[in-house]
Every structure is written in C-alpha cells, then in structure tokens.
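Colleague: I would love a close look at a single part of this model, with enough of the surroundings to place it. Could you pick one spot among the strands and walk me through it, then tell me how far to trust the rest?

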Amino acid sequence: MTGIQNYANLTNMLLSGYSQMNNVRLAQALSNKNTSGMKISQGISTNGKLSSADTEFLKDYQNELLELKDMAEKVMAGGEKSRLAAGAENLSVAEVSGKLASASDKYTLTVEQLASGQVNRSNGLESNSPRPAMSGSIKIETAQGKVELYMSAAGAKDNKEMLNNFASKINAKNIGVTAKVEEKEGKSYLRLEGASGEGNAFSVTGSLAERLGLDRVEQVGQNAIYTVKKNDGEEQRFVSDSNTVTLDGRLKASLKKTGTTNIKAGADAATGIADSVSKLVNKFNETLSFLNKNSDRGIGVLNQMRRMIIPPTSERSMKLAGITINKDGSMKFDRAKFMEKMEQSPSLIKEVVEDFARGIRTDAQMGMQERSGNLLGTSVYSQKMLSSYEQNQMNLMNMYTRSGAYNMTNYYTVGAMMNFNI
C-alpha cells in the first residue's frame, strides 16, 4: 500500500505543478493578445545597447539566483557552521551553543537528573458537572511571600469553569506558583507548579485547599545533576536549579533528558541546519517575489517562475521538516517542528532538507542559464511561448523525472489529455 500512496503523492505533486505552470501561461496569454504575452523592452537604443533599467534588471536577476544557489549549497553542506562552533551529538540529551577555545576540544556531558518544580494537584472533579458550590480560602506561601485568597464557585456554569476561575486568581498574584487546569477522562484537575529547584518549595493551606486536595504535594522540586568531562581531564559533577546551564564558562547547554552526549566542534547541530533552512526559505520567497514583479518582461522570467513553483522535492517530505508551500507558491518554515523532528529522526530530516536544497539549487542554476534576450523580451525567440529548454524533449522529460521515475507517467498523461483537447 505504501508504494501506491507514494505514487499517488508524486502524481499529485507533479500534476499540481504542471497545472500551476499552465495557469500562469494561460493568464499571460489572455491578458495580452500579442504573440508573446510579454512586455517588449522599450529600452533598446538605435545602436543596439541596453538601457540602464534593463542592465540593472539583468544584474539583479543574476544576483538573486546566485544568492539562492549559494544558500541552497550551505544547507546541502550541513548548515551554518563555524570552525569553533560547538554542537551536541545527541540532541535528545542536550542542545548546546557557543564556541570552543580550540577546534580539538571535546566535552562529555552526562545528565543524571533534570531540574523540576514542586507540583500540587487537586482531586479530579467531573468537568461538566453543573452548579458547583465550592468556596473557601487558599493560602500559598513561597520564597517570594505569602498570599491568602477567598474564592467561590459563584457564577461558574460547571466544575471546569470554576477551577479555571481559581487558576486565574492565583496567577494574578505572581507569587512564583503557576496554576492551570488539566483534563483527563472527563475530569478536571487544578495543578500548581513552582519554579524548578529544591530551593523553590511552597506550601498550600486553607479550607478550600483541603476540600480540593490541593494541599498535598504530588512531586517534590529537584535540582538538575550533571557531570562534565573535558578532553582527558577529570569528570566534574554539578548541581543546578535550572535545566539551562553553562559549561566551562563559554558554552550554553539546555538539558533535555537523562543520558550522555559528546560535545565538539563541527557536531551536527540542528540549530545550524535550522538557521540555514530558514535563510534559504526566506531567500526563495524573496526571489519568487522579484520574479513576480518582473513577470511582464521576457519569457525567460516566466520560465524561472514555472521551475520554482514546482516543489523541489515531495511536499509530504517537506512537511516532515516543517516546510510548507503557500497558495501563492511561497514557502513557510516552522522551526519548532523542524527541531522536534530532528530530535526524533535526525538522519531522515537531514536527507529531506538536502533533497529540498538540491532541487532549489538546480532551479537556480537553470535560471542563470537563461538568455538575456529571453529575460528582457527583446529576442525574436521570446515571441514563442516555450523557451529552448522546454522545446527540447529530453530537457522537458528530465523536469518530470526529477522527483522519481514514476513521474514520467505524468508527462505522458498530460500529453494524452492535451491531445484530446487540441
């Protein structure tokens, strides 16, 4: 079944791209009844020299595509890297940023325990039970001070709304305890959590607290415990009330779970790849916008737009890496989703973004090979709706096989459909 699904996805991707290309072509043809549908440059002087506007456009066009190609190659090379930039090999244990003193430095970080805050949780109440009648006092004492609240269920339609009202009143006091309502299997619970670390304990008393069961401690706050070994030196043990720590006075580490990871220069840090993908997506959108603004020039500009609106790789794969395509052909990058997927399947996501970047680089390189006459609309050849690239059958077939051999079916299918209609 997987093969059929993949085939369907690839078919949809290519047919969608072909449809978008033809929509652009049709719009251009209908908007202007001259042979090309393009604006013929008015900047050619009698001696055949280009106008300053045309020269500027050609320069900007080449620069846009050159920058796009360079950014794609950075992603393919593994993202933004510095010779001394530190990275954790196991991103599920810790994320590390900063620069090493020497490229040969290596740290071994072992997380024995994560920091967490104290948690008190109430008894579960039926969420939709109407006309709640609870009222009374809740006294909370933390290192920041002491607060006493008298709270009532008056005005609440059910238990869930009552507990949400209680949580809002507690949070408004900013006393170092965060209140929120959790739901599970039709029941609502009021949860209080303090700041992480053993030194941030708090107490809850009062008549309402006792009725709710909120005075009981469910989880005691604890510190993070971790060890660090640099190169061949001795292993050192540290304690922190936070999961964000500093290593050796120069590296910042965000502890994620218990386990061990090596930290070294050139480690495959997800943050560096994410930075490069984000820049590539932004540059892609900028280039597409530039082409769109100049779409009334030669057929070469339209050719490049057609290349770019065909997804550089499978849209399904792109979504895994947090990259989606908007209705206007531009792209959006969800960094949080990318980081989450990198932690789960780093090899797969790196392969996806490499394919993504490779497709964009190919499109940029092909765009840089467009003839100036085709770009400006001054060439007699630009009177034709297809560029030399598209008229070459082998090139056209290659465009449809870029994402896989099965996509050749799309090429022949579309041709058959056109034969019925012409």
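**A threonine between paired strands**

Modeller: Happy to! The protein has 13 helices and 18 strands, and please keep in mind that this is a predicted model. Its average pLDDT is 81, with 76% of the residues scoring at least 70. Of its 422 residues, 42% count as buried. Among contacts with a separation of 6 or more, 71% link residues 24 or more positions apart. About 21,800 Å² of the protein is exposed, and carbon and sulfur atoms supply 48% of that area.

The spot I would choose is Thr-110, which sits in strand β3, residues 106-113. Its side chain makes a polar contact of 3.1 Å with the side chain of Thr-260. Leaving out residues up to four places away in sequence, Thr-110 touches Gly-259 and Thr-260, and also Ile-225, Tyr-226 and Thr-227.

Those last three names lead us to strand β12, which covers residues 224-230 and has five of its seven residues buried. β3 and β12 run antiparallel and are joined by six bridges. Within this pairing, Thr-108 stands opposite Lys-229 of β12.

β12 has another partner to follow: it pairs with strand β13, residues 236-240, in the antiparallel sense over five bridges. Here Thr-227, one of the residues that Thr-110 touches, stands opposite Arg-237 in β13. β12 and β13 form a hairpin with five residues between the strands, where Asn-231 adopts a positive phi near 50°.

Now let us step away from the strands to the cores. In soluble globular proteins, nonpolar side chains tend to be buried together. In this model the largest nonpolar core has 42 residues, and those with the most contacts inside it include Phe-57, Val-277, Ile-323 and Phe-338. Helices α2 (52-76), α5 (270-293) and α9 (346-368) are among the elements that each supply at least two of its residues, as does strand β18 (331-333). The largest share, 10 residues, comes from α5. As for Phe-338, beyond its neighbours within four places in sequence it is in contact with Ala-270, Ile-273 and Ala-274, as well as Ala-321, Phe-333, Ile-349 and Val-353. A second, separate core of 25 residues includes Ala-153, Met-162, Leu-192 and Leu-214.

One helical residue makes a nice companion to the threonine. Ala-167 lies in helix α3, residues 159-171, and counts as buried because its relative accessibility is 4%, under the 20% cut-off. Not counting residues up to four places away in sequence, Ala-167 touches Ala-179, Lys-180, Val-181 and Leu-190. The C-alpha atoms of Ala-167 and Thr-178 are 8.2 Å apart, with 11 residues of separation along the chain.

As for trust, two stretches call for caution. Over residues 403-408 the pLDDT stays under 50, and the model has 11 contacts for them beyond four places in sequence. Residues 414-422 also have a pLDDT below 50, with three contacts beyond near neighbours in sequence. Where pLDDT is low, the predicted coordinates should not be read in detail.

Key
Residues are numbered from 1 along each chain as its sequence is written. This is a predicted model: local features need pLDDT of at least 70, side-chain atom pairs count only at pLDDT 80 or more; totals for chains, interfaces and linings use all residues. Side-chain values use heavy atoms; hydrogens and water are left out. Helices (H or I, at least four residues) and strands (E, at least two) are DSSP runs, numbered from the N terminus. Buried means under 20% relative accessible area, exposed over 50%, partly exposed in between (1.4 Å probe, protein chains only). Contact means heavy atoms within 4.5 Å. Accessible areas come from the Shrake-Rupley method with a 1.4 Å probe; for residues, only the protein chains shown count as cover. A nonpolar core is a set of buried Ala, Val, Leu, Ile, Met, Phe, Trp, Tyr and Cys residues joined through side-chain atoms within 4.5 Å. A polar contact is a pair of N or O atoms within 3.5 Å; within protein, one must be able to donate a hydrogen and the other to accept it, and residues adjacent in sequence count only if both atoms are side-chain atoms. Two strands pair if DSSP finds at least two bridges between them. pLDDT is the predictor's confidence in each residue, from 0 to 100.
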